[in-house]
Amino acid sequence: MPARTYTLHFDPKLSKNPNGNDVRDGLSAAVLTGDNLWLCCDERTTLECLRRTGPRTFGQHCSYKLSELVDLPEKATEEIDLEGMGEAENYLWVLGSHSIKRKNAKPEEPNIAKQINRLTKIEVAPNRCLLARIPLVRNPTSGDYELCKTAKHPTASGQKLRAAQLRVDKHGTNELLKVLAKDPHIGPALKVPAKDNGLDIEGLAASPDGRLFLGLRGPVLHGWAIVLEIRPEEYKKGKLRLGELEGGGHKLYKKHFLDLRGMGIRELRQQGTDLLVLAGPTMDLDGSIAIYRWPDALFQAHDSLTPADQLERLLDVPHLPHLDRAEGMALLSEQEMLVVFDKPAPARKPRPHTALANSYQLPNRLYSGLAHQGGSHSAVNPHLCIHH
């Protein structure tokens with residue numbers, strides 16, 4: 001079935017950042033809550049919210065400054081490289097890429113030696129190491145979902161929702177990076193820039209039982225993509241730490257390897273007990289972009305290895321050379337997935353401050369039961385794993 005087109009309208013006063021970059025040119029993640037579509041741009045320090053204004057349109061753009069909701073280790077104007085969002089249990093989770101970056105050469109410049117030397121320059125950007133949750137509550141008057149630093153729990157009397165995050169130090173590291181530095185698979189990639197197959201976290205799915213699934217665009221190891229499973233817990237006001245998980249090779253995380261035919265992970269979305277995976281090239285090149293279903297991903301009791309024949313390749317997402325890179329997915333219903341694009345082609349920008357997104361019908365699940373490496377249902381309460 002061909003893709004359907006959705007129109008996203010951005011407020012002209014909010015659509016450009018101080019550097020002149022337009023939010024529609026760098027959409028990197030999307031989440032739908034009620035009639036509100038949450039978007040982030042990988043070159044901004046804000047979260048964008050649009051409201052459904054028609055059958056296939058979103059508008060009434062509002063923007064939230066992350067510096068007013070969480071603590072950023074750098075000044076608020078430094079980009080966070082936001083790549084992932086997930087929603088569960090009255091919180092919106094946000095994720096930076098956790099990557100380091102290499103300066104690019106400018107071949108049009110006359111000083112070739114200088115440009116070659118630029119390729120030796122590697123930068124650490126502490127804001128990129130953000131992993132945080134922000135209270136997400138519904139305004140009973142407007143019906144819109146809103147972000148707050150603190151809020152009353154909507155259903156648990158006397159309880160409070162509070163923004164919290166993994167602490168990032170001045171050197172640009174947090175607890176997750178510290179434990180991964182000793183990991184035999186991922187540790188070596190922490191010193192490699194994202195565009196060189198280094199660590200680059202781009203996918204995020206949040207389960208109602210408190211677990212997060214982080215999809216790595218890189219590294220891809222001999223064709224195997226990696227999903228990290230963690231369970232952050234609050235231990236101080238506004239502070240998170242990694243809670244212990246049973247069954248993994250490390251007490252604070254589990255590793256899941258997926259054969260995505262050499263592709264890395266651009267986004268994750270939970271659907272029931274499955275994870276939907278947006279996969280694409282790990283490095284800065286053109287290649288296939290596809291959506292997979294990882295059946296019973298939430299029931300992986302141990303570190304796991306899932307071969308290609310245990311994954312359902314649902315559909316391929318078309319793109320143009322160097323343009324229309326599918327980066328974010330939002331479930332509009334159990335059968336429809338909205339996809340937003342980084343570096344959109346001119347045809348996706350028919351008018352100023354407007355972008356076109358695509359939605360795709362999701363095929364029915366091919367098989368039921370646990371995936372190949374799934375383990376026992378007792379590892380997870382299935383009633384906690386239903387998308388809402």
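Trainee: Where in the chain is the place of Ser-15?

Mentor: In this predicted model, Ser-15 sits in the loop between strand E1 (4-9) and strand E2 (27-33).

Trainee: Why is Ser-15 called buried?

Mentor: The term buried applies under 20% relative accessible area. Ser-15 has 0% relative accessibility, so it counts as buried.

Trainee: Which residues are in contact with Ser-15, leaving aside its neighbours within four places in sequence?

Mentor: A contact requires heavy atoms within 4.5 Å. By that criterion, Ser-15 is in contact with Phe-10, Asn-21, Asp-22, Val-23, Arg-44, His-61 and His-353.

Trainee: What makes the protein chain as compact as a globular protein of its length?

Mentor: The secondary structure of the chain comes to 2 helices and 28 strands. Its radius of gyration is 20 Å, and the globule rule gives 21 Å for 388 residues; the two values are close, so the chain is as compact as a globular protein of that length. Along its principal axes, the C-alpha trace spans about 65 × 50 × 50 Å.

Trainee: What percentage of the residues in the protein chain is buried, and how is the exposed area of the chain made up?

Mentor: Buried residues account for 55% of the 388 residues. The chain exposes about 17,000 Å², of which carbon and sulfur atoms supply 51%.

Trainee: Among contacts between residues at least 6 apart in sequence, what percentage joins residues at least 24 apart?

Mentor: The value is 61% for the protein chain.

Trainee: How many positive and negative side chains does the protein chain have, and how far apart are the centres of the two sets?

Mentor: There are 51 positive and 48 negative side chains, and the centres of the two sets lie 4 Å apart.

Trainee: Why is strand E20 described as largely enclosed?

Mentor: Strand E20 (residues 254-259) has 6 of its 6 residues buried, so the rest of the structure largely encloses it. Both faces are covered: Lys-254, His-256 and Leu-258 are buried on one side, and Lys-255, Phe-257 and Asp-259 on the other.

Trainee: How do you know that E20 pairs with strand E17 and with strand E24?

Mentor: Two strands pair if there are at least two bridges between them. Strand E17 (residues 224-230) is joined to E20 by 6 bridges, so the criterion is met, and these strands run antiparallel. Strand E24 (residues 304-306) is joined to E20 by 3 bridges, so this pair also qualifies, and here the strands run parallel. Leu-258 in E20 stands opposite Ala-225, and its bridge partner in E24 is Thr-306.

Trainee: What makes strand E15 mostly covered, and which strand do bridges join to E15?

Mentor: In strand E15 (residues 200-206), 7 of its 7 residues are buried. Strand E16 (residues 212-221) is joined to E15 by 6 bridges, and the two run antiparallel. Asp-200 stands opposite Gly-218 in E16. E15 and E16 form a hairpin with 5 residues between them, and Gly-210 in the turn has a positive phi of about 100 degrees.

Trainee: Is Leu-275 buried or exposed, and which residues does Leu-275 touch?

Mentor: Leu-275 lies in strand E22 (residues 274-280). Its relative accessible area is 0%, so Leu-275 is buried. Not counting residues up to four places away in sequence, Leu-275 touches Ala-205, Phe-213, Arg-269, Gln-270, Tyr-292, Arg-293, Trp-294, Ala-297 and Leu-298.

Key:
Residues numbered from 1 in each chain as written. Predicted model: local features only at pLDDT ≥ 70, side-chain atom pairs only at ≥ 80, totals over all residues. Heavy atoms only, no water. Helix = DSSP H or I, 4+ residues; strand = E, 2+ residues; numbered from the N terminus. Rg over C-alpha atoms; globule rule 2.2 N^0.38 Å. Buried < 20%, exposed > 50% of the residue type's maximum accessible area, 1.4 Å probe, protein only. Areas by Shrake-Rupley, 256 points an atom, 1.4 Å probe, with all protein chains shown as cover. Lys, Arg positive; Asp, Glu negative; His and termini not counted. Charge placed at Lys NZ, Arg CZ, Asp CG, Glu CD.
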